[in-house]
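Me: I would like to learn how to read a few features of a protein model, one at a time. Could you take me through this one?

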Amino acid sequence: DHWPFMLQFQEVYKIKDTAATSTYLGALYTGDPSGIWTINCKNYIKAALLQVESMIGCEIRDSVTPSATADHPEEDTSEILDNHRHRQYQSMAGMAQWLTTLGRLDICYTVSSLSRFCSCPRDGHYKRMVRLWGYLKKYPDKSISIDARDPIYAPDHANELQPDFADQYSYASEPIDAMFPEPLGAELATTIFFDSDHAHDKITGRSISGVVTMVGRTPVIWKSKRQGAVQTSTYGAEFSAMRLATEEAHTIRYMLRSLGIKVTKPCRLYGDNLGVIQNATIPEGTLKKKHVALSYHFVREAVSVGVISAFKVDGKDNFADVFTKPLERNGFMYHTCGLLWASALWPYICKK
């Protein structure tokens with residue numbers, strides 16, 4: 001009933017309870033160190049729903065997706081909320097943001113999109129926020145699995161050719177901290193899916209970047225964010241998203257090494273824009289868009305030193321698509337069921 005390593009810690013430190021953790025910061029943990037764990041937010045969702053329904057004064061209707069297909073809340077021109085409903089909106093947004101942090105990555109895009117309006121939300125934004133909670137009400141039991149096995153969703157690249165960037169980036173190297181602990185155990189595969197939605201924002205013209213980082217079969221980092229500047233082409237928007245994915249690759253490799261985990265193989269990046277993948281991985285590729293020069297060289301330098309290797313994936317199989325736009329129900333479910341289990345007790349993975 002007790003974890004052996006916790007008993008060892010107890011010999012050195014004062015530990016109040018050495019039993020397996022079940023709940024922490026609103027998340028429910030199931031499983032054990034010898035098997036597959038899951039992280040589930042259903043208890044937090046149920047408690048939050050009671051608070052939300054009490055706050056708005058009515059029962060929330062179920063919704064099959066967190067956002068309406070092709071919705072653009074930035075175009076909403078409905079009435080601005082009064083102070084009372086404004087505070088309600090901020091409260092619902094805050095709880096939804098915490099759920100995203102706990103593991104409900106399926107609402108990441110919607111939460112990011114609606115949180116932009118917390119300073120001055122409108123009635124239409126309020127209704128969209130209630131719809132988000134209707135989705136959580138219908139699907140409270142989705143879980144992240146903690147699974148160190150190699151990914152099942154990425155193809156094998158055993159015979160891939162390693163590009164030679166020696167002439168262009170001979171100065172480049174991956175920094176290795178001398179204080180990293182000695183690595184133990186088998187190496188864990190790291191995979192990142194990235195995508196962008198060019199000129200997504202109808203008001204500012206800015207694009208959306210989406211990134212999901214996987215260690216083994218477990219999503220560990222997910223992001224949906226507007227790009228910092230307007231990109232005049234899909235190529236530029238995709239390269240900006242790839243730069244964000246490359247930054248995450250540096251981050252996850254440093255983190256794993258800090259935990260004493262072996263990291264020798266490149267992190268695999270998957271995107272659905274062939275031109276960007278080719279320009280990032282072919283040494284003879286030329287920079288045709290000068291406004292993406294920093295992203296271009298940052299990504300190619302990471303390829304040259306073995307931090308990342310980049311590959312083309314079909315758009316329908318790109319998990320990051322769910323972080324860049326509100327998808328129709330079938331596409332949304334197809335991606336999210338590949339990232340989340342349907343429940344903590346009955347693991348379910350969609351068959352492609």
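Me: Let us begin with helix 6 and helix 7. How closely do their axes come, and at what angle do they cross?

Reply: Gladly, and please keep in mind that this is a predicted model. Two packed helices are described by the angle between their axes and the distance between the axes. Here, helix 6 covers residues 234-258 and helix 7 covers residues 274-281; their axes come within 9 Å, with a crossing of roughly 55 degrees. Helix 6 and helix 7 are therefore oblique to each other.

Me: What is the handedness of the crossing of helix 6 and helix 7, left-handed or right-handed?

Reply: Helix 6 and helix 7 make a right-handed crossing.

Me: Which residues in helix 6 and helix 7 meet?

Reply: From helix 6 come Y235, E238, F239 and M242, and they meet G275, V276, I277, N279 and A280 in helix 7. Sorted by class, this contact of helix 6 with helix 7 has six nonpolar residues, two polar and one charged.

Me: Now for another pair. How do helix 2 and helix 3 pack, by angle and by distance between axes?

Reply: The same general idea applies: a pair of packed helices is described by an axis angle and an axis distance. For helix 2 and helix 3 the angle is about 170 degrees, and the axes are 11 Å apart. An angle over 145 degrees counts as roughly antiparallel, so helix 2 and helix 3 are roughly antiparallel to each other.

Me: Which residues of helix 2 and helix 3 meet?

Reply: On the helix 2 side you will find Y44, I45, A48, Q51, V52, M55 and I56. On the helix 3 side they meet Q88, S91, M92, M95, W98, L99 and L102. By class, the contact of helix 2 with helix 3 has 11 nonpolar and three polar residues, with no charged ones.

Me: L102 sounds like a good place to branch off. What else does it touch?

Reply: One of the residues touching L102 is A27, which also touches S22, I39 and N40. A27 is found in strand 2, residues 27-30. A27 and N40 are 13 residues apart along the chain, and their C-alpha atoms are separated by 5.7 Å.

Me: Is A27 buried or exposed, and why?

Reply: Residues under 20% relative accessible area count as buried. A27 has 1% relative accessibility, so A27 counts as buried.

Me: Let me try a polar residue. Where is S240, and is it buried or exposed?

Reply: S240 sits in helix 6. Its relative accessible area is 6%, so S240 is buried. Not counting residues up to four places away in sequence, S240 touches S209, Q227, Q231 and S295.

Me: And V313: where does it lie, and which residues is it in contact with?

Reply: V313 belongs to the loop between strand 9 (308-312) and helix 9 (329-339). With a relative accessibility of 11%, V313 counts as buried. Leaving aside neighbours within four places in sequence, its contacts are Y270, G271, D272 and N318. There is also a distance to I277, one of the helix 7 residues that meet helix 6: the C-alpha atoms of V313 and I277 are separated by 9.9 Å, and the two are 36 residues apart along the chain.

Me: What about backbone angles? What is the phi of A70, and what is the phi of A199?

Reply: A70 is not a glycine, yet it has a positive phi of about 60 degrees. A199 is not a glycine either, and its positive phi is about 55 degrees. A70 is placed in the loop between helix 2 (42-56) and helix 3 (83-102), while A199 is in the loop between strand 5 (190-197) and strand 6 (208-215). At 51% relative accessibility A70 counts as exposed, whereas A199, at 28%, is partly exposed.

Me: How many disulfides are there?

Reply: A disulfide needs a pair of cysteine sulfur atoms within 2.5 Å, and by this rule the count is zero. Among the cysteines, C108 counts as buried at 7% relative accessibility, and C118 counts as buried at 17%.

Me: Finally, how many helices and strands does the chain have?

Reply: The chain has nine helices and nine strands. Of its 352 residues, 50% count as buried. Among contacts with a separation of 6 or more, 75% are between residues 24 or more positions apart.

Notes
Residues numbered from 1 in each chain as written. Predicted model: local features only at pLDDT ≥ 70, side-chain atom pairs only at ≥ 80, totals over all residues. Heavy atoms only, no water. Axes fitted to C-alpha atoms, helices over the stretch in contact; angles between N-to-C directions. Helix = DSSP H or I, 4+ residues; strand = E, 2+ residues; numbered from the N terminus. Parallel < 35°, antiparallel > 145°, perpendicular 65-115°, else oblique. Left-handed = near helix turned anticlockwise from the far one by under 90°. Contact = heavy atoms within 4.5 Å. Nonpolar A, V, L, I, M, F, W, Y, C, P; charged D, E, K, R; others polar. Buried < 20%, exposed > 50% of the residue type's maximum accessible area, 1.4 Å probe, protein only.
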